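Dear colleague,

I am handing over a structure that may be new to you, and I would be glad if you looked it through before reading my notes. What I found in it follows below.

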Amino acid sequence: MSVAEQPSGNVGKVMRRKEDPPLITGKGRYVDDITLPGMLWASFVRSPEAHATITSIDTSAAAAREGITAVFTGADMTDVPAPLPMAWAPPGVQVNNPEHWALAKDAVKHVGDPVAVVIGEDRYAVQDAVEDVFVDYEPLPVVVDPEQAIAGEPFVHDSLGTNRVHEWSLAGGDVEAGFAEADVVVERRVVNHRIAGAPIECRGVIAEYRPGQLTLYSATQVPHFVRLFMALLLGIGEDRVRVIAPDVGGGFGQKLQVYGEELVACWASRRLGVPVKWTETRSENMSVAHQGRDQISRVRMGAKRDGTITAFHVKILADFGAYNMILTPLIPSLGAFVMGGCYKIPNVQTDIVGVFTNKCPTDAIRGAGRPEATQMIEVTLDQVAHELDMDPVEIRRRNFIPAEDFPAATATGVVYDSGNYDGTLDKLLEHVDVPAFRAEQEKLRSEGVYRGLGFCTWTEICGLAPSRVTGPAGVGVQAGLWESAMIRVHNTGAVTVYTGTSPHGQGLDTAFAQIVADKLGVDPAVVEVVHGDTAIGPEGRNTYGSRSLATGGEAVCKATDKVVEKVKQIVAAELEAAPEDIEVAGGKFSVKGSPDKGMALADVAGVAYIGAVPEGMEPGLEETNFYDPENFVFPFGAHACIVDVDAETGKVKVLRYVAVDDCGNPVNPLLIDGQIHGGVVHGIGQALYERVHYDADGQLVTGTFVDYALATAAELPNFETDRTITPSPVNSMGVKGVGEAGTIAASAAVTNAVIDALRPLGVDYINMPLTPMRVWEAINEGSAAS
């Protein structure tokens with residue numbers, strides 16, 4: 001289907017999001033909007049030291065304050081038998097995983113590490129009482145530089161005798177043989193600096209324990225995972241734990257986590273017998289909610305004189321901060337699976353070393369390993385093109401995996417489902433006239449204006465995930481990553497979709513309603529989508545890794561197909577026809593060729609619930625599906641960025657950004673554009689503005705939005721988006737993920753554009769963040785800056 005064709009049903013049409021009216025009129029229901037009878041408030045005492053031994057904690061003054069119910073430390077939580085979880089155990093790989101307790105017991109490992117919790121009647125009174133908890137610390141040596149940390153002492157965890165977390169490699173072909181046949185080998189040190197998740201809604205929890213039953217409200221992406229671990233850590237049957245994620249104001253991976261604050265609230269509610277609520281402040285979010293990226297990589301790419309890439313070898317040093325969280329050591333490996341990018345590279349190898357430092361832990365942030373991989377591939381490829389005096393567009397075309405090769409096995413054995421990389425690049429060049437730009441660029445340079453054009457042609461691995469690949473016998477995630485859905489048609493013909501995904505801004509209420517409405521011949525308005533409550537609907541695996549549509553949506557699709565099959569049998573019996581002759585048309589299930597002879601879904605539901613169904617059929621109209629994909633899906637695209645760089649100040653201004661993406665068959669183009677826009681802002685933000693920075697003593701310098709610069713509309717142009725459509729063969733809808741696409745592509749496109757602008761000034765290479773100071777320094781050095 002071409003972009004210009006108009007779909008006949010709801011799927012493929014632009015539809016405004018069903019979930020938006022309450023959210024934009026102040027009628028949403030977030031954790032902080034919820035108040036329970038008798039509820040108390042919690043506030044955490046956090047370490048001001050990056051590394052220290054706790055010699056004593058005096059809680060008496062805080063406990064004596066009016067309105068304070070209790071003050072607890074780690075010593076009080078002796079009935080919690082295990083530390084916080086890390087759920088990645090790859091076969092044959094040793095992962096050093098020191099204990100990470102919800103409240104630090106003997107030592108603190110980063111600024112913000114919690115050491116006590118104050119609980120009382122008033123939100124602000126408990127925050128004040130935190131100041132009356134007196135903790136004596138004996139400071140220890142601090143290490144914040146991962147290259148220093150991997151070299152030896154000081155150790156973050158003395159018991160380990162090392163800062164090394166693990167070593168993991170993925171290789172295909174023979175990279176040294178590939179470099180031997182190369183005419184040119186380019187080596188670079190690629191820095192992908194630390195960033196924050198910065199969701200608009202910070203974290204929040206309310207725990208209510210009643211005898212035999214725990215209910216937890218949490219601003220989380222993963223309510224089912226949180227339920228499992230709360231049950232395990234508190235010794236409660238999983239059937240007795242209910243986790244509810246109400247409206248969630250963004251996650252970006254930061255809420256793909258099992259946090260200590262959730263556990264402490266649950267434990268305290270059980271201890272005190274009343275609900276306990278905690279709402280994170282922005283400064284807490286910046287300092288203790290997990291962060292992302294933070295990799296230093298040594299990258300080598302070899303190529304022949306004609307531009308053919310012969311080998312690509314990446315050595316990643318990944319800074320994990322002070323602890324492993326639920327997926328911390330896995331994150332860089334997600335990039336390794338697509339380290340060849342869009343290109344037919346015969347020899348690829350990724351070597352990863354994880355390291356502890358005295359900083360907040362890292363884990364998944366939008367893209368999770370794939371933006372880092374794309375930055376390495378795309379920036380290094382431009383460096384090779386320059387070395388060969390070759391056009392960056394041409395070197396990409398020369399190395400693309402041809403469309404006829406799909407499904408295409410890469411050197412490492414990963415099989416890409418479908419692709420047409422020339423198609424997206426062709427579409428991009430319909431929007432970007434490169435010869436005209438180059439002519440204008442030369443003219444502007446003569447006038448002292450330094451304008452640059454950067455490209456990024458990207459692919460990623462998403463739609464997590466085939467359990468056979470990611471489970472304990474595969475990559476080592478300790479869970480199957482299938483997804484579930486249940487479809488219920490009510491007596492009136494209204495439909496409820498229960499999904500195991502847990503959206504937090506993706507628009508799934510709308511997309512899933514469109515899918516179901518088409519199959520059942522109803523208006524999307526009568527389809528309600530329910531999610532985020534572990535007590536309602538089947539077991540789920542939640543939302544992350546651009547999986548919601550390709551995996552969760554396919555579960556919805558297959559469950560609806562089961563309903564349709566039953567509906568056809570009922571209609572066939574009522575109309576004295578064969579089930580295979582029944583079709584959905586004009587809002588009815590009718591006999592093919594006889595559109596007037598049919599039944600609306602409400603009529604069918606009436607028959608199903610009265611029990612007047614064909615012999616041998618159960619009454620009712622409700623079906624469930626658990627979908628475990630056979631493969632991942634691999635969306636792709638081509639992006640271009642045009643920037644101006646002020647040579648006097650180093651300031652970069654993005655003039656134009658064009659994104660052509662392919663996520664298979666579109667369900668709702670408006671949702672696609674929204675995801676691309678948000679993702680591109682995230683990627684541009686990292687490239688130009690955002691950076692989590694610690695000083696040499698491990699103190700967080702960027703703890704507020706005054707210091708941590710988020711991109712705003714004032715800094716950004718209107719984005720130009722387009723798409724091609726290459727269906728995926730992995731699922732029946734032919735869809736792929738798109739939520740991380742813009743983030744994966746944008747930082748590389750911006751970096752290449754800035755380097756292109758700076759070349760006349762003697763700057764051939766520069767690492768992110770491309771802040772005015774760093775760019776100005778590079779210009780004045782007149783040589784590569786890293």
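How many Å separate the centres of domain 1 and domain 3, taken over C-alpha atoms? In this model, which is predicted, the two centres are 39 Å apart. The domain assignment of the protein chain places domain 1 at 20-26 + 482-627, domain 2 at 34-140 + 203-279 and domain 3 at 365-464 + 631-785. Where domain 1 and domain 3 are in contact, 18 residues come from domain 1 and 20 residues from domain 3.

Turning to the interior, the largest nonpolar core has 161 residues, and those that touch the most other members are Phe-312, Met-339, Leu-428, Val-643, Val-645, Tyr-657 and Ile-684. Helix 19 gives the most to this core, with 12 residues, and at least three residues are drawn from each of domain 2 and domain 3. A second, separate core holds 49 residues, among them Val-527, Val-529, Val-571 and Leu-601.

Helix 19 itself covers residues 741-758, and its 18 residues reach 27 Å from the first C-alpha to the last, which is close to the 26 Å expected at 1.5 Å a residue. The helix is mostly covered, with 18 of its 18 residues buried. Val-643, one of the core residues named above, touches Ala-753, Val-754 and Ala-757, and its contacts beyond four places in sequence also include Tyr-450, Arg-451, Val-652 and Leu-655.

Helix 10 (residues 370-387) can be read in a similar way. Its 18 residues should span 26 Å at 1.5 Å a residue, and its end C-alpha atoms are 26 Å apart, which agrees. Because 16 of those 18 residues are buried, helix 10 is largely enclosed by the rest of the structure. Just after helix 10, Asp-389 takes a positive phi of about 55°.

In the loop between strand 15 (348-355) and helix 10 you will find Phe-356. Why does Phe-356 count as buried? Its relative accessible area is 0%, and buried means under 20%, so Phe-356 falls within that class. Phe-356 and Gly-321 are 35 residues apart in sequence, yet their C-alpha atoms are 5.1 Å apart in space. Leaving aside neighbours within four places in sequence, Phe-356 is in contact with residues including Asn-96, Pro-98, Ala-149, Val-156, His-157, Gly-321 and Tyr-323.

Two further residues, each in a helix, may be useful to set side by side. Thr-424 is found in helix 12 (residues 421-431) and counts as buried at 1% relative accessibility, whereas Ala-602, in helix 17 (residues 601-610), is partly exposed with a relative accessible area of 30%. Beyond four places in sequence, Thr-424 touches Phe-636, Gly-637, Ala-638, Val-660, Asp-662 and Thr-724, while Ala-602 touches Asn-491, Thr-492 and Gly-493. Ala-602 and Val-449 are 153 residues apart in sequence and 66 Å apart in space, C-alpha to C-alpha.

Finally, there is the empty space inside the model. The count comes to 6 cavities of 30 Å³ or more, and the largest cavity has a volume of about 150 Å³. That largest cavity is lined by 17 residues, of which His-100, His-110, Pro-114, Glu-261 and Val-288 lie nearest its centre.

With best wishes

Notes. Residues are numbered from 1 along each chain as its sequence is written. This is a predicted model: local features need pLDDT of at least 70, side-chain atom pairs count only at pLDDT 80 or more; totals for chains, interfaces and linings use all residues. Side-chain values use heavy atoms; hydrogens and water are left out. Helices (H or I, at least four residues) and strands (E, at least two) are DSSP runs, numbered from the N terminus. The expected span of a helix is 1.5 Å times one less than its number of residues. Buried means under 20% relative accessible area, exposed over 50%, partly exposed in between (1.4 Å probe, protein chains only). A nonpolar core is a set of buried Ala, Val, Leu, Ile, Met, Phe, Trp, Tyr and Cys residues joined through side-chain atoms within 4.5 Å. Domain bounds come from an automatic or database domain assignment. Contact means heavy atoms within 4.5 Å. On a 1 Å grid over the protein atoms alone, a cavity is a set of points where a 1.4 Å probe fits but cannot get out, and a pocket is an open set with protein on both sides within 12 Å along at least five of seven lines; lining residues have an atom within 4 Å of a point. Grid points are joined across faces, edges and corners, and a volume is the space filled by probe spheres set on the points.
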